[in-house]
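Q: Could you take me through one exposed-or-buried question in detail, and then widen the view a bit? I'd like to know how the spot you pick fits in with the rest of the chain.

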Amino acid sequence: SQPTSPVASDVASRTPPYTRLLKNLRQVRRLFPNRPLTLAEKILFSHLDNAEESLFDNTNNGTDIRGRATLKLKPDRVAMQDASAQMALLQFMSCGLPTTAVPASIHCDHMIVGEQGADTDLPNSIAGNKEVFDFLESAAKRYGIEFWPPGAGIIHQTVLENYAAPGLMMLGTDSHTPNAGGLGCIAIGVGGADAVDALVDAPWELKAPKVKGIRLEGQLSGWASPKDIILHLAGRLTVRGGTGYILEYHGPGVQSLSCTGMATVCNMGAEVGATTSLFPFTESAHGPYLHSTHRGSIAEQAAAIAASPDVHNLLVADEGAEYDGEVVIDLSKLEPHINGPFTPDLSTPLSLFKDAVKANEWPETFGAGLIGSCTNSSYADMTRAESLVRQASAAGLQPKADFFITPGSEQIRATVDRDGTMATFEQNGGVVLANACGPCIGQWSRTDGVANGEANAIFTSYNRNFPGRNDGNRKTMNFLASPELVTAMSYSGRTDFNPMVDSIPLANEQSFKFEPPTGIDLPKAGFAAGNPLFMPSPPTPSADVDVAIDPHSDRLAVLEPFDPFPQGELTEMKVLVRVKGQCTTDTISAAGPWLKYKGHLPNISENTLIGAVSADTGAVNEVADVDGQTYTIPELATKWKGQGQAWIVVAEHNYGEGSAREHAALQPRYLGCRVVLAKSFARIHETNLKKQGVVPLTFVNEEDYDKLAGCDEVSTEGLHEVLQQSGSGAGSVSLRIKQKGSGAEWRIPVRHTLSKDQCGFIVAGSALNLLAKKGRG
Ligand code: SF4
């Protein structure tokens, strides 16, 4: 019988607001009557808060939008994973609203280990992270957020199965959020403060991305899989090639792909730095997938829009839409690829990999093959891998490498369990891990005796392969490939094995050669609902639920609002550190063991700037107070915070490069930082600073950097007036410096980039303070 759907009753809340989006698109058409639009533009522009203002502000009369205009967007939905949801929710709570403005979901996946198998690992992980999970669940219940408990699945697979829909726009607090682009939506990975914008109904700002066309021709066959499209593309674009772009797939080859295959391709667009990736709606792929995941009504509405002959078609690009560059891939000629080690853009076609192993002296054997994860655990992935296991099993073979399977969700796990695929894996040496991130995010306790620091190889169907990513061992070489290739190679245990041409010797002096894998896109009997314990909580807010934060917790702390800007200038701030050279978000807020404290601002602040080199002393994480006594940077910042002493950071170029990590702005602000004065800023971090109420300023004369030193006193001049007049180019800002010791005084000119909205953040103390004020009316 047809399985009952966990979501059927919620389909309405999961349907994109098509009527409104089409109306908005009509308005955009009026603004650009003769301009064909890309699919990305259609979906983005139909989510603008005010299309005319966004598209004509700061651009050449709306003709030069991409890369120039600042889009103020109203996303439809937010998804958050357990690690990043903590700070997002703490910030949301400080706004004092009773519920979220748009539907949202929380997914407990990152904090679950992969070691012995789901039955043991899941309870252990729940016990180890109980207070965090309790907090997330209680906050979800209070504010009406759907809570997917530990074991329910990985955020991106769950989103694809339940929330992604053609034409939708969503934000996710995870970099692989673009996975949902496989179902024709714009899905963008952001930090918690950005997610809060959407949760409180404030417009979310995005510099209009450029749109790169990826034209697919031909058709995949044999061993080639959707994963190979993106592995190949990553080699062509490199890890920076997608920065500032949306990757928009189009062309006849799109028609031959499954929905989940498209999601795999979009997922790894994050590896080339793309803002997001997306595919157009195709009735052949998306219709059946939406029907089989209990969202038939969305399939029908999308099909009706796609079939509409008028100008409002929201779900495919216009004929003649122009791209900012194009890459063409002929799927008929595409061979499987293997990417790595250590970077996802080191891409080698399978036929050349044997030589690459030799030339680079990579290990000839490997210890583990891992398939699944958010990138590759579709029904097609699992059944194609199964077809290879069955072949090998019939020949009497067992995998030579350890073989792990990570299902992306309870729905997929239960379905492949019901259909016998899981039994095939387990009877042939496979270990099924929890429906969670596990080894993909370093939550993998290896039991195969590889020592930390020992060079070795593994093969995974995951998406990232930076050093230390999987097992914490920076010498582990993670080679990325399709699940079918990882499976076949696990039977050889050799890195130089090519299953398309090579054979595996058998005991009877014969040999075994794989036939190409075969699989099924969607289960004939529909998806199984799985364990009811893994169903989400309903999206109904309950004001009487207390959000569980133990006041003695070392992992969670309620976020107190920051001080507003004073009624005048900022005076007598002290220079905490003059940073020499590169200062990334990792320098400002280190990761690794500190991740545990992501929900506890005071505790994680103990790592603030610990990677920074002081220009005064040349030492890392060492500064001195006025009396000459030396401290670590966070120690001195904490001491000054206790004394009510505001401080500033002085830095060189591209301050805050690296990531959107909001803790790199939150922590200095928490410890008393009011200004960062740099030669230049990384754009996202500069915005994050403003959101947290820290004023980023740049030198007019870069040589002034050399005239400053730790403990010098700094006061602003003109900043108060700029804030009063909401930026708008008003007045100039300068800093009055009083040198430590000599007391000598001088002025230096500086620049600001505060927009009207951002002046509001600074005056209120932070963007959240302003939102909270508005929320209270
Ligand atoms: Fe991120 Fe890996 Fe989890 Fe996917 S499986 S969400 S890539 S940690």
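**A close look at one valine**

A: Val 626 is exposed, because 12 other C-beta atoms lie within 10 Å of its own and the cut-off for exposed is 12 or fewer. Bear in mind that this is a predicted model. As for where the residue sits, look in the loop that runs between strand 22 (623-624) and strand 23 (630-631). Once you set aside neighbours within four places in sequence, Val 626 is in contact with Cys 711 and Lys 740. Thr 99 is another story: 527 residues separate it from Val 626 in sequence, and the C-alpha to C-alpha distance is 48 Å.

Now zoom out. The chain is split into domain 1 (10-332), domain 2 (336-529) and domain 3 (573-775), and Val 626 falls in the range of domain 3. Between the C-alpha centres of domain 2 and domain 3 there are 46 Å.

Over in the range of domain 2, there's a helix pair to check out. Helix 14 (residues 379-394) packs against helix 17 (residues 483-492) at about 20°, with the axes 8 Å apart. That angle is under 35 degrees, so the two helices count as roughly parallel. Their crossing is right-handed. On the helix 14 side, the contact uses Asp 381, Arg 384, Ala 385, Leu 388, Val 389 and Ala 392; helix 17 brings Pro 483, Glu 484, Thr 487, Ala 488 and Tyr 491. Sorted by character, the residues of that contact come out as seven nonpolar, one polar and three charged.

Conventions:
Residues are numbered from 1 along each chain as its sequence is written. This is a predicted model: local features need pLDDT of at least 70, side-chain atom pairs count only at pLDDT 80 or more; totals for chains, interfaces and linings use all residues. Axes are lines fitted to C-alpha atoms, for helices over the stretch in contact, and angles run from 0 to 180 degrees between N-to-C directions. Helices (H or I, at least four residues) and strands (E, at least two) are DSSP runs, numbered from the N terminus. Angles under 35 degrees count as roughly parallel, over 145 as roughly antiparallel, 65 to 115 as roughly perpendicular and the rest as oblique. A crossing is left-handed if the near helix is turned anticlockwise from the far one by less than a right angle, and right-handed if clockwise. Two residues are in contact if their C-beta atoms, placed from the backbone, lie within 7 Å. Ala, Val, Leu, Ile, Met, Phe, Trp, Tyr, Cys and Pro count as nonpolar, Asp, Glu, Lys and Arg as charged, and the others, Gly among them, as polar. A residue is buried if 20 or more other C-beta atoms lie within 10 Å of its own, exposed if 12 or fewer, and partly exposed in between; C-beta atoms are placed from the backbone. Domain bounds come from an automatic or database domain assignment.
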